[in-house]
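Open the model in a viewer and keep the selection panel at hand. The stops below are meant to be followed in order.

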Amino acid sequence: MRKTVLTLVASLSLALGTAVPAASAQSYEHLDATTQHPLFMLDDRPVLGGIENVYYSDIPELEGVAFTGKIDTGADTTSMHAIDVHVYSTNPKYEGLKDEAFLEKMVVEYGGPKSNWWLDSYDEVAEEVAGFVTFAIPHPYTGEHVDVELPLSRPSVVRSRTSEKPIYRPVVKLPMTIAGETVMTEVNLTDRAHFSSPILIGKTFLREHAWVFTGYDFLQSKSDSQLIGKREVLNIEGLPYTTSLSFANRYTIFHATDVKVDEEAETVNFTLHSDDESKPMTLPLVRMLKVSGNERPLVYLPVEFGELGIKMVLAYPDDRSDNSSELRLGHEILNQWFVIDTDKKQWLNGKGKSYQQAVSEGALVVSPVEEIQVEGIPMDAEPSFVVQTSLLKVKDYRLTKKGKKEFVTFSLTDQRGEPVRITKPVERKVRVGDEVRPIINAELTMADVTDDRDVALTKLGAREPEPYFVLGQSLVKNEVLVDTRTDHILDSYPLFKAGYIEQATVEGLTFPVKLDTGADITSISATDIQQFERDGVPMASFTYSNRSGQEQEFTLEVVDVMRIKAKKGEETNVRPVVMMNVMLGDVEKKVRVNLQDRSRFEYSMILGKNFLKYGAVVSSDEQYIYTSKPE
């Protein structure tokens, strides 16, 4: 793995708890940028994360309202959620025609749905067509419908997988703002009510205006983040709510009773509770959310974060009378504004502290999911809000004595799946409740830095199948901070520029691939997929081929199954997932790859977030920046 001098210095300093100067965006703009220290500007363009806040900068009723946008270099056109969409023309020859009927007639008249003429030639007939689009954007906080009317920029023709008849949609132009960059953007109007992001940012915004590093969500807010404590007291409508934080939940949960959804009015009625006080409240329904098989109404909840003021939080009500906290913040709101201090209870009571200040004082920054090495054996690691001495959770351990010295023996599993027996002297013991834990001095490797640290041993719980490590407060001299925007922060990789098309080597085959920041999982073209079992292990055989004439048979273990949500009227797409070795330039990783027939697509493979997170800063308008174009 390549490392810059800055990365090594930072890694050593963080692991040993010494101070590292705070870094500005500019200091990482050249060769020293890494996944651990991402850049925010590159070549005078913002670098966007996989998700960012999007603002409609030219609609007064929505001024300052943040809409979640998924940043997708694989999408040609930007799409947004709109309702009551209607299309009409003032040209007499289209009299009586509107909406899809009007769009279809126009497309057929000027070249047909297969001609793609509208992509570059619509301006030539726009004045003659004289098309207009009316639509409404639901205000996420008030529920009011904000009415908009704009000229038809062009039609969009979507070809369905299940029908020969295409779908016609209107495209308009309107200014959108992300990270202070306002772009007049072609936008496809569609129903995105059931998507987690009401806006999909495609090339019509990104081209020549932004790069994308999909390793982070809300990357642009990272440098301005404030620290949040693990036990804040926040106010909702004047009522104090004790607060906890969640690494697992995307959305916030708040204590409320008497929850009633008025589907006709699209509102949610409920009663807030705090101590001996209660207060009825009604909020617009954003959408229904499935939680553990049950449907919950999702709303924008006004929460007062101390000196930071009121922020609108995507949340759902639930009876939390049996929980220790009345408000549990999910990472959707944490990602946008905060980094968690795992030791401090409160930071938002007027004594706030910025993320940059904490880093400059030597804080160790981790993500909710890490991998470290214990005695040379890699294992999953997670931060904790309560553990002081770092904790190694094992299946079992045995204490023995040799003379006056006590030893503990336990087993870990190496990368080949073989058990490794380890015996260490017991340095001391600590009592936690009814349990007495032996403490050993173990060799830990984090961020390529190896050091001996005190580690307590405990046994895995009944629902914990594999050993893992808990990062304790005493691991460093200063704070342990958790940034929920990403994973595996301690694994640092150099950032590199990449085009949206590059040449990759996959299991020995080299061919062009598409870099798609909107795809979570990498995907490869596969036909003749046959699934079976070999010695009780699920397997899949398939044929890979591409337009260059390359073809190869594969038989690989199935490690997972993906179920892709289908469009209305289509069946759910079920895809087996296998592990494949992928190399792009200097980056080589074995990643999950889902199998699907991509023979109708120009590119036989897309590299998704699970590969691109290892440092690819992707351009949506340039090709072959990082690798050479095939001859």
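The tour goes from confidence to a pocket, then to the cores and a set of single residues.

**Stop 1: colour by confidence**

This is a predicted model, so begin by colouring the protein chain by pLDDT. The chain has a mean of 89, and 93% of its residues reach 70 or more. Select residues 1-31: pLDDT stays under 50 over this stretch, for which the model has 65 contacts beyond four places in sequence. Within the chain's elements, the lowest mean pLDDT, 34, belongs to helix α1 (residues 5-16), and the highest, 98, to strand β13 (residues 211-212).

**Stop 2: the second largest pocket**

Select Glu371, Pro378, Met379, Asp380 and Gln415. Of the 37 residues that line the second largest pocket, these five lie nearest its centre. Three elements give two or more residues to that lining: β26 (370-374), β27 (377-383) and β33 (435-446). Which element gives the most to it? That is β27, with four residues. The pocket holds about 1,100 Å³ of space. By residue class, its lining has 14 nonpolar, 13 charged and ten polar members.

**Stop 3: the nonpolar cores**

Go next to Phe254 and Phe469. In the largest nonpolar core, which has 55 residues, these two touch the most other members. Strand β33 gives the most to this core, with four residues. Strand β33 is also one of the elements with two or more residues in the lining of the second largest pocket.

Stay on Phe254 and show its contacts. Leaving out residues up to four places away in sequence, Phe254 touches Tyr241, Phe270, Leu272, Val299 and Leu301, then the run Ala315, Tyr316, Pro317 and Asp318, and also Arg320, Glu326 and Leu327.

For the second, separate core, select Phe102, Tyr122, Tyr168 and Val183, which are among its 43 residues.

**Stop 4: two residues with positive phi**

Most residues other than glycine have a negative phi. The next two selections depart from that.

Select Ala130, in the loop between α4 (126-129) and β7 (131-138). Its phi is positive, about 55°, although Ala130 is not a glycine. Is Ala130 buried or exposed? Its relative accessible area is 18%, so Ala130 is buried, the cut-off for that class being under 20%.

Now move to Glu507, in the loop between β38 (501-506) and β39 (509-515). Glu507 also has a positive phi, near 50°, and is a residue other than glycine. Glu507 counts as partly exposed because its relative accessibility is 32%.

**Stop 5: an exposed loop residue**

Select Glu164, which sits in the loop between β9 (154-158) and β10 (167-178). With 83% relative accessibility, Glu164 counts as exposed. To set a distance, add Asn335: the two C-alpha atoms are separated by 42 Å, and the residues are 171 apart along the chain.

**Stop 6: three strand residues**

Begin with Met539 in strand β42 (residues 537-545). Its relative accessibility is 10%, and therefore Met539 counts as buried. Which residues is Met539 in contact with, leaving aside neighbours within four places in sequence? They are Gln530, Gln531, Phe532, Arg534, Thr555, Leu556, Glu557 and Val558. For a longer span, draw a line from Met539 to Leu245: they are 294 residues apart along the chain, with 39 Å between their C-alpha atoms.

Continue to Ile564 in strand β43 (residues 551-564). At 24% relative accessible area, Ile564 is partly exposed. Ile564 and Asp123 are 441 residues apart in sequence and 36 Å apart from C-alpha to C-alpha.

Finish at Met583 in strand β44 (residues 573-584). Met583 counts as partly exposed, at 30% relative accessibility. Add Thr505 to the selection: Met583 and Thr505 are 78 residues apart in sequence and 5.1 Å apart in space, C-alpha to C-alpha. Thr505 is one of the residues that Met583 touches, together with Ala504 and Glu588, not counting residues up to four places away in sequence.

Technical notes
Residues are numbered from 1 along each chain as its sequence is written. This is a predicted model: local features need pLDDT of at least 70, side-chain atom pairs count only at pLDDT 80 or more; totals for chains, interfaces and linings use all residues. Side-chain values use heavy atoms; hydrogens and water are left out. pLDDT is the predictor's confidence in each residue, from 0 to 100. Contact means heavy atoms within 4.5 Å. On a 1 Å grid over the protein atoms alone, a cavity is a set of points where a 1.4 Å probe fits but cannot get out, and a pocket is an open set with protein on both sides within 12 Å along at least five of seven lines; lining residues have an atom within 4 Å of a point. Grid points are joined across faces, edges and corners, and a volume is the space filled by probe spheres set on the points. Ala, Val, Leu, Ile, Met, Phe, Trp, Tyr, Cys and Pro count as nonpolar, Asp, Glu, Lys and Arg as charged, and the others, Gly among them, as polar. A nonpolar core is a set of buried Ala, Val, Leu, Ile, Met, Phe, Trp, Tyr and Cys residues joined through side-chain atoms within 4.5 Å. Buried means under 20% relative accessible area, exposed over 50%, partly exposed in between (1.4 Å probe, protein chains only).
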